[in-house]
Amino acid sequence: MKPIAPGTVIFHRHRGYGVITTVNLLTGWVSARFGNERRTLDLNLYCAELQHACGEAILFRHAPPDRMPHARLMAMVRLLHAAGYQRLYLYSWPQASGLHWRWHLFTGSRAWMQRPWRVGWFGAGSDYNFNPVMGWGDAPGATAEELASALAQFDPEGLALALGRDEDHSAWFAETCDALLPHYMYSLDMQGHLAENELPAMPIIAVNHAVAPYSGPQITWPPGWANLWPHKRSHEMPLPGLDLVS
């Protein structure tokens, strides 16, 4: 199915041609404006029988789009690794609500906890659901090659910082992509308290609700990840001791 995003021209059998103004990939509801009408019309892609301008049916229920961009980002990063940009890293983690996952591309040193931030190099599924683009001039549904090209044009200085070798991480990333793409993504989430000298299984998330839960081989954590948590691991700050005697 073709990508659906604000600006997509559609055809409705009763209203004629219109343009989508807002879209929610999570619920399947869109708002569209038809002809000279000032008010938008809310439509459900499951049952409104909408078509693209070319006549192709929008089969939202039968061919649901990805609700998060992480799998396409993984494919782009793997492509750039093969081109020599091995110091490019993809960090992904859940939002506090647990409903969406965030993503962050960064370059330079492999500093997972002190990542440098650049404009346009991060985003969230909550934003992607309403406007399915990464934010660096890419088009909805862009391929890995198109995403890499758009990123290079958007921030060539930032991408140049990724030039260099990190063979351990690029090898791990390639193996992870082989196991997960195109339907799954990884989440670097430690999920609270962990036992001594033990890492839990890495969370694997489907990028589409129509995909079955992941049942492939267990994915290892990135190189050097275990060294970040050398003792009893917790995201929480220890509380100071209380002197109840005095």
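**Exercise 1. Which residues lie nearest the centre of the second largest pocket, and how many residues line that pocket?**

*Solution.* The structure is a predicted model, and the pockets are taken from its atoms. Start with the lining of the second largest pocket, to which 14 residues contribute, and within that set L26, R67, M68, L99 and W101 lie nearest the centre. Next, sort the lining by class: seven of its residues are nonpolar, six are polar and one is charged. Finally, attach a volume, which for the second largest pocket is about 190 Å³.

**Exercise 2. Describe the largest pocket by its volume, its central residues and the classes of its lining.**

*Solution.* The largest pocket holds about 250 Å³ of space. Its lining is made by 14 residues, and P3, P65, D66, Y128 and G141 are the closest of these to the centre. By class, that lining divides into ten nonpolar residues, three charged residues and one polar residue.

**Exercise 3. Place the salt bridge between R15 and E37 in the chain, and state how accessible each partner is.**

*Solution.* The structure contains six salt bridges, and one of them joins the side chains of R15 and E37 with an N to O distance of 2.7 Å. R15 belongs to the loop between β1 (9-12) and β2 (16-23), while E37 belongs to the loop between β3 (29-34) and β4 (41-44), so the pair ties together parts that are 22 residues apart in sequence. For the accessibility step, recall that values from 20% up to 50% count as partly exposed. R15, with a relative accessible area of 40%, is therefore partly exposed, and E37, at 32%, is partly exposed as well.

**Exercise 4. Work through the salt bridges R78 to D178 and D166 to R110 in the manner of Exercise 3.**

*Solution.* Take the first pair: the side chains of R78 and D178 meet in a salt bridge at 2.7 Å, N to O. This pair links distant parts of the chain, with R78 in helix α1 (residues 70-82) and D178 in helix α5 (residues 167-180), 100 residues apart. R78 has a relative accessibility of 31% and so counts as partly exposed, whereas D178, at 53%, counts as exposed.

In the second pair, the closest N and O atoms of D166 and R110 are 2.8 Å apart, and the two residues form a salt bridge. D166 lies in the loop between α4 (156-160) and α5, and R110 lies in the loop between β7 (101-107) and β8 (122-124), so the contact ties together parts that are 56 residues apart in sequence. With a relative accessible area of 10%, D166 is buried, but R110, at 28%, is partly exposed.

**Exercise 5. Why does the ring pair of Y91 and W112 count as tilted, and which aromatic cluster includes these residues?**

*Solution.* There are 16 aromatic pairs in the count for this structure. In the pair of Y91 and W112 the ring centres are 6.1 Å apart and the planes meet at 40 degrees, so the pair is tilted. Y91 is in strand β6 (residues 88-94) and W112 is in the loop between β7 and β8, so the pair ties together parts that are 21 residues apart in sequence. Both rings belong to buried residues, since Y91 has a relative accessibility of 8% and W112 has one of 3%. The cluster is then found to consist of Y89, Y91, W93, F106, W112, W221 and W225.

A further step concerns R115, whose charged end sits over the ring of Y91 at 4.0 Å from its centre. The charged end of R115 also sits over the ring of W93, at 5.2 Å from that centre.

**Exercise 6. Locate the cis peptide bond and the positive phi value in the backbone.**

*Solution.* Begin with the general expectation that most residues other than glycine have a negative phi and that most peptide bonds are trans. The bond joining L181 and P182 is cis, with omega at about 5 degrees, and P182 is found in the loop between α5 and β9 (184-186). E49 is a residue other than glycine with a positive phi, near 55 degrees, and E49 is located in the loop between β4 and β5 (51-52).

Notes:
Residues are numbered from 1 along each chain as its sequence is written. This is a predicted model: local features need pLDDT of at least 70, side-chain atom pairs count only at pLDDT 80 or more; totals for chains, interfaces and linings use all residues. Side-chain values use heavy atoms; hydrogens and water are left out. On a 1 Å grid over the protein atoms alone, a cavity is a set of points where a 1.4 Å probe fits but cannot get out, and a pocket is an open set with protein on both sides within 12 Å along at least five of seven lines; lining residues have an atom within 4 Å of a point. Grid points are joined across faces, edges and corners, and a volume is the space filled by probe spheres set on the points. Ala, Val, Leu, Ile, Met, Phe, Trp, Tyr, Cys and Pro count as nonpolar, Asp, Glu, Lys and Arg as charged, and the others, Gly among them, as polar. A salt bridge is a side-chain nitrogen of Lys or Arg within 4 Å of a carboxyl oxygen of Asp or Glu. Helices (H or I, at least four residues) and strands (E, at least two) are DSSP runs, numbered from the N terminus. Buried means under 20% relative accessible area, exposed over 50%, partly exposed in between (1.4 Å probe, protein chains only). Rings of Phe, Tyr and Trp (its six-membered ring) pair if their centres lie within 6.5 Å; planes under 30 degrees apart count as stacked, over 60 as edge-to-face and the rest as tilted. A charge sits over a ring if NZ of Lys or CZ of Arg is within 6 Å of the ring centre and within 35 degrees of the ring normal.
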